[in-house]
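The exercises below ask for a careful reading of helices, a surface patch and a loop. Work through each task with the structure in view before turning to its solution.

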Amino acid sequence: MTDHRTTWDTYGTAWRATTAAEKQAALDASTAPTCCYRDPLTSIVGHAALIESMLAFHQRIPGAHFVTTYFLAHHDRSIARWNMIASDGAVLGDGVSYGEYGADGRLTAMTGFFDVPATP
(Lines give C-alpha, C1' and ligand atoms only; values in the text may rest on other atoms or scores of the structure.)
Protein backbone atom coordinates (compact mmCIF):
# COMPACT_ATOMS: atom_id res chain seq x y z
CA MET A 1 0.00 0.00 0.00
CA THR A 2 1.29 3.44 -0.91
CA ASP A 3 1.75 5.99 1.86
CA HIS A 4 -0.11 8.92 0.33
CA ARG A 5 0.70 11.17 3.30
CA THR A 6 4.42 10.78 2.67
CA THR A 7 3.87 11.49 -1.03
CA TRP A 8 1.78 14.57 -0.16
CA ASP A 9 4.42 15.84 2.26
CA THR A 10 7.16 15.35 -0.35
CA TYR A 11 5.07 17.33 -2.83
CA GLY A 12 4.72 20.04 -0.16
CA THR A 13 8.50 20.30 0.12
CA ALA A 14 8.55 21.38 -3.54
CA TRP A 15 6.51 24.46 -2.58
CA ARG A 16 8.98 25.30 0.20
CA ALA A 17 12.17 24.58 -1.80
CA THR A 18 14.02 27.68 -2.95
CA THR A 19 15.65 26.46 -6.17
CA ALA A 20 14.28 24.93 -9.34
CA ALA A 21 16.56 21.91 -8.86
CA GLU A 22 15.22 21.26 -5.33
CA LYS A 23 11.65 21.65 -6.59
CA GLN A 24 12.35 19.24 -9.47
CA ALA A 25 13.75 16.60 -7.12
CA ALA A 26 10.70 16.79 -4.84
CA LEU A 27 8.31 16.68 -7.80
CA ASP A 28 10.13 13.73 -9.38
CA ALA A 29 9.63 11.79 -6.15
CA SER A 30 5.99 12.77 -5.59
CA THR A 31 4.22 13.66 -8.84
CA ALA A 32 3.84 12.22 -12.33
CA PRO A 33 5.70 14.24 -15.00
CA THR A 34 2.37 15.11 -16.63
CA CYS A 35 0.60 16.02 -13.39
CA CYS A 36 -2.21 18.58 -13.53
CA TYR A 37 -2.25 21.39 -10.98
CA ARG A 38 -5.28 23.65 -10.57
CA ASP A 39 -6.28 26.37 -8.16
CA PRO A 40 -8.59 29.40 -8.48
CA LEU A 41 -5.81 31.37 -10.17
CA THR A 42 -4.24 28.85 -12.55
CA SER A 43 -4.46 25.53 -14.35
CA ILE A 44 -1.19 23.98 -15.53
CA VAL A 45 0.23 20.65 -16.66
CA GLY A 46 3.68 19.17 -16.08
CA HIS A 47 6.68 19.69 -13.89
CA ALA A 48 8.18 22.59 -15.84
CA ALA A 49 5.00 24.67 -15.65
CA LEU A 50 4.50 23.80 -11.99
CA ILE A 51 8.07 24.79 -11.10
CA GLU A 52 7.64 28.06 -12.99
CA SER A 53 4.44 28.75 -11.04
CA MET A 54 6.11 27.88 -7.74
CA LEU A 55 9.05 30.19 -8.47
CA ALA A 56 6.63 33.01 -9.35
CA PHE A 57 4.82 32.35 -6.06
CA HIS A 58 8.12 32.81 -4.21
CA GLN A 59 8.79 36.03 -6.12
CA ARG A 60 5.44 37.41 -4.90
CA ILE A 61 5.73 36.10 -1.33
CA PRO A 62 9.38 35.35 -0.47
CA GLY A 63 9.80 32.59 2.09
CA ALA A 64 6.13 31.57 2.08
CA HIS A 65 5.28 27.88 2.29
CA PHE A 66 2.44 25.52 3.16
CA VAL A 67 1.86 23.41 6.26
CA THR A 68 -0.63 20.55 6.13
CA THR A 69 -2.89 20.62 9.17
CA TYR A 70 -5.19 17.70 8.29
CA PHE A 71 -4.93 14.83 5.83
CA LEU A 72 -7.20 11.96 4.78
CA ALA A 73 -6.77 9.45 1.94
CA HIS A 74 -8.53 6.46 0.44
CA HIS A 75 -8.86 4.78 -2.98
CA ASP A 76 -5.93 6.80 -4.38
CA ARG A 77 -7.58 10.13 -3.49
CA SER A 78 -6.75 12.57 -0.70
CA ILE A 79 -7.81 15.80 0.88
CA ALA A 80 -5.54 18.07 2.85
CA ARG A 81 -6.21 21.21 4.81
CA TRP A 82 -3.29 23.59 4.91
CA ASN A 83 -2.09 26.97 6.08
CA MET A 84 0.02 29.29 3.97
CA ILE A 85 2.80 30.50 6.24
CA ALA A 86 4.91 33.66 5.82
CA SER A 87 8.68 33.64 6.29
CA ASP A 88 8.13 35.06 9.80
CA GLY A 89 5.73 32.23 10.74
CA ALA A 90 2.50 34.23 10.43
CA VAL A 91 -0.47 32.46 8.85
CA LEU A 92 -1.30 34.26 5.60
CA GLY A 93 -4.26 32.11 4.59
CA ASP A 94 -5.70 28.64 4.51
CA GLY A 95 -7.26 26.24 2.07
CA VAL A 96 -8.04 22.67 1.09
CA SER A 97 -6.42 20.57 -1.61
CA TYR A 98 -7.59 17.43 -3.37
CA GLY A 99 -5.11 14.93 -4.77
CA GLU A 100 -5.33 11.97 -7.14
CA TYR A 101 -2.64 9.29 -7.22
CA GLY A 102 -1.49 7.00 -10.04
CA ALA A 103 -0.67 3.30 -9.90
CA ASP A 104 2.93 4.15 -8.95
CA GLY A 105 1.71 6.15 -5.92
CA ARG A 106 2.70 9.55 -7.29
CA LEU A 107 0.24 12.41 -7.59
CA THR A 108 -1.36 12.81 -11.01
CA ALA A 109 -3.62 15.75 -10.14
CA MET A 110 -3.67 18.37 -7.41
CA THR A 111 -6.48 20.87 -6.99
CA GLY A 112 -6.30 23.68 -4.44
CA PHE A 113 -9.27 25.57 -3.05
CA PHE A 114 -8.90 28.90 -1.26
CA ASP A 115 -10.47 32.33 -1.08
CA VAL A 116 -9.03 34.57 -3.75
CA PRO A 117 -7.97 37.92 -2.32
CA ALA A 118 -9.92 40.89 -3.67
CA THR A 119 -7.97 43.08 -6.07
CA PRO A 120 -7.92 46.78 -5.25
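A residue is called buried when its relative accessible area is under 20%, exposed when that area is over 50%, and partly exposed in between. The model is predicted.

**Exercise 1.** Classify Leu 72 by its relative accessible area, and name the surface patch to which Leu 72 contributes.

*Solution.* Begin with the location: Leu 72 is found in strand S3, which covers residues 65-74. Its relative accessible area is 43%, and because partly exposed residues lie between the cut-offs of 20% and 50%, Leu 72 counts as partly exposed. Finally, Leu 72 joins Tyr 70, Ile 79, Val 96 and Phe 113 in making a nonpolar surface patch of about 420 Å².

**Exercise 2.** Determine how the buried residues of H1 are arranged about the axis of the helix, and identify the residue that caps its N-terminal end.

*Solution.* Start with the dimensions: H1 spans residues 4-16, and its 13 residues reach 19 Å from the first C-alpha to the last, close to the 18 Å expected at 1.5 Å a residue. Next, list the buried residues, which are His 4, Thr 7, Trp 8, Tyr 11, Ala 14 and Trp 15. Viewed down the axis of H1, these buried residues fall within an arc of 105°, so they line one face of the helix. The spacing follows a general rule: an α-helix has 3.6 residues a turn, so residues three or four places apart point the same way. The N-terminal end of H1 is capped by Asp 3, a side-chain oxygen of which lies 3.2 Å from the backbone nitrogen of Arg 5.

**Exercise 3.** Separate the buried residues of H3 from the exposed ones on its other side.

*Solution.* H3 (residues 47-60) has 14 residues and reaches 20 Å between its first and last C-alpha, close to the expected 20 Å. His 47, Leu 50, Ile 51, Ser 53, Met 54, Phe 57 and His 58 are buried; they fall within an arc of 160° when seen down the axis of H3, so they line one face of the helix. On the other side of H3, Ala 48, Glu 52, Gln 59 and Arg 60 are exposed.

**Exercise 4.** Describe phi and accessibility for His 75 and for Asp 76.

*Solution.* His 75 is found in the loop between S3 and strand S4 (77-85), and Asp 76 lies in the loop between S3 and S4. Phi of His 75 is near 45°, a positive value in a residue other than glycine, while Asp 76, also not a glycine, has a positive phi of about 60°. As for accessibility, His 75 is exposed at 71%, whereas Asp 76 is partly exposed at 33%.

Methods. Residues are numbered from 1 along each chain as its sequence is written. This is a predicted model: local features need pLDDT of at least 70, side-chain atom pairs count only at pLDDT 80 or more; totals for chains, interfaces and linings use all residues. Side-chain values use heavy atoms; hydrogens and water are left out. Helices (H or I, at least four residues) and strands (E, at least two) are DSSP runs, numbered from the N terminus. The expected span of a helix is 1.5 Å times one less than its number of residues. Buried means under 20% relative accessible area, exposed over 50%, partly exposed in between (1.4 Å probe, protein chains only). The arc is that of the directions from the helix axis to the C-beta atoms. A polar contact is a pair of N or O atoms within 3.5 Å; within protein, one must be able to donate a hydrogen and the other to accept it, and residues adjacent in sequence count only if both atoms are side-chain atoms. Patches are made of residues with over 30% relative accessible area and no salt bridge: like charges are joined within 9 Å, nonpolar side chains (Val, Leu, Ile, Met, Phe, Trp, Tyr) within 5 Å. Accessible areas come from the Shrake-Rupley method with a 1.4 Å probe; for residues, only the protein chains shown count as cover. A salt bridge is a side-chain nitrogen of Lys or Arg within 4 Å of a carboxyl oxygen of Asp or Glu.
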